[in-house]
Amino acid sequence: MKIVVAICGASGVVLGKRLVEFLKTKENRDKYEVHLIISEAAKEIAGFEETDLSAARKLADYSYDEDDMSAGIASSSYGVDAMTVLPCSMKTLSAIANGLCDNLINRAAENVMKTGRLLVVSPRDTPLSLAALENMAKLKGDGALIVPPVMAYYYKPRTIDDVNDFFVGKVLDCLRIEHDLYNKWGKEK
Ligand SMILES: Cc1cc2nc3c(=O)[nH]c(=O)nc-3n(C[C@H](O)[C@H](O)[C@H](O)COP(=O)(O)O)c2cc1C
């Protein structure tokens with residue numbers, strides 16, 4: 001499965017990193033061809049949040065900067081199976097919803113949507129503006145899945161890692177990828 005993971009400049013860049021780690025575990029590494037795009041803003045926020053994204057870059061099969069418009073995934077003919085934007089800023093949410101295609105993240109997302117593949121977007125902001133809500137509705141109408149990192153308590157998280165794994169697990173559920181990152185209701189971990 002060819003999967004694009006885009007990490008944008010929203011709080012929680014660690015979530016994108018955790019997703020890449022999961023997709024490239026020993027068990028998974030041959031199953032998923034991971035294309036990682038890290039936006040310039042995400043790099044800056046990684047510094048503020050003390051999250052080192054270099055390990056994710058090394059784990060990914062391919063790693064790009066946002067302005068790398070000559071990358072294979074900038075073309076829909078590359079044949080990506082799915083893409084997730086985790087976390088997604090309101091800026092990138094707007095760019096994707098409105099077909100801006102001004103960087104590799106927006107362009108890859110456009111390709112995934114126009115070829116009817118799976119796009120999973122995790123917008124992170126609170127409170128939400130009308131523009132953000134409308135952009136989410138637009139994307140949902142175009143077939144994307146909107147999966148904001150929203151907390152739940154029923155699975156009894158104890159640590160921040162548990163919370164992060166819940167958010168990443170929800171994205172994996174939408175990508176239809178099996179995982180054991182959180183206790184699903186009615187199932188033991
Ligand atoms: C410390 C910090 C945290 C931020 N957190 C968010 C956030 O949670 N959500 C958001 O939409 N924008 C957030 N921003 C603003 C975005 O980083 C900014 O709009 C940026 O242009 C997004 O670019 P990108 O989507 O290309 O990564 C934050 C900025 C900083 C400096």
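How many residues surround the ligand, and which are the closest? I looked this up first. The model is a predicted one. I found 15 residues around the ligand. The closest are Gly9, Ala10, Ser39, Ala41 and Ser89.

**Entry: the ligand shell**

I then asked which elements give two or more residues to this shell. They are α2 (40-48) and α4 (90-97). The largest share, 4 residues, comes from α2. I also sorted the shell by class. It holds 7 nonpolar, 5 polar and 3 charged residues.

**Entry: helix α1**

Next I turned to α1, residues 13-23. Is this helix mostly covered or mostly open? I noted that it is mostly covered, with 10 of its 11 residues buried. The buried ones start with Val13, Val14, Leu15, Gly16 and Lys17. Arg18, Leu19, Val20, Phe22 and Leu23 are buried too. I counted a residue as buried if 20 or more other C-beta atoms lie within 10 Å of its own.

What do these buried residues pack against? I listed the strands β1 (2-7), β2 (33-38) and β4 (82-88). I also listed the helices α2, α3 (54-59) and α7 (160-174).

**Entry: α4 with α5**

I went back to α4, which gives residues to the ligand shell. I checked how it packs with α5, residues 104-114. The angle is about 45 degrees, and the axes are 9 Å apart. Angles from 35 to 65 degrees fall in the oblique class, so α4 and α5 are oblique to each other. The crossing is right-handed. On the α4 side, Thr92, Ala95 and Ile96 make the contact. On the α5 side, I noted Ile105, Asn106 and Ala109. By class, this contact has 4 nonpolar residues, 2 polar and no charged.

**Entry: α4 with α6**

Last, I looked at α4 with α6, residues 130-141. Here too I read an angle of about 45 degrees, with the axes 9 Å apart. This pair is therefore oblique as well. Which hand does the crossing have, left or right? It is left-handed. From α4, the contact uses Met90, Leu93, Ser94, Ile96 and Ala97. From α6, it uses Ala131, Ala132, Asn135, Met136, Lys138 and Leu139. I sorted these into 8 nonpolar, 2 polar and 1 charged.

One residue caught my eye. Ile96 of α4 is in the contact with α5, and Ile96 is also in the contact with α6.

Notes. Residues numbered from 1 in each chain as written. Predicted model: local features only at pLDDT ≥ 70, side-chain atom pairs only at ≥ 80, totals over all residues. Near = placed C-beta within 6 Å. Nonpolar A, V, L, I, M, F, W, Y, C, P; charged D, E, K, R; others polar. Axes fitted to C-alpha atoms, helices over the stretch in contact; angles between N-to-C directions. Parallel < 35°, antiparallel > 145°, perpendicular 65-115°, else oblique. Left-handed = near helix turned anticlockwise from the far one by under 90°. Contact = placed C-beta atoms within 7 Å. Buried ≥ 20, exposed ≤ 12 C-beta atoms within 10 Å, placed from the backbone.
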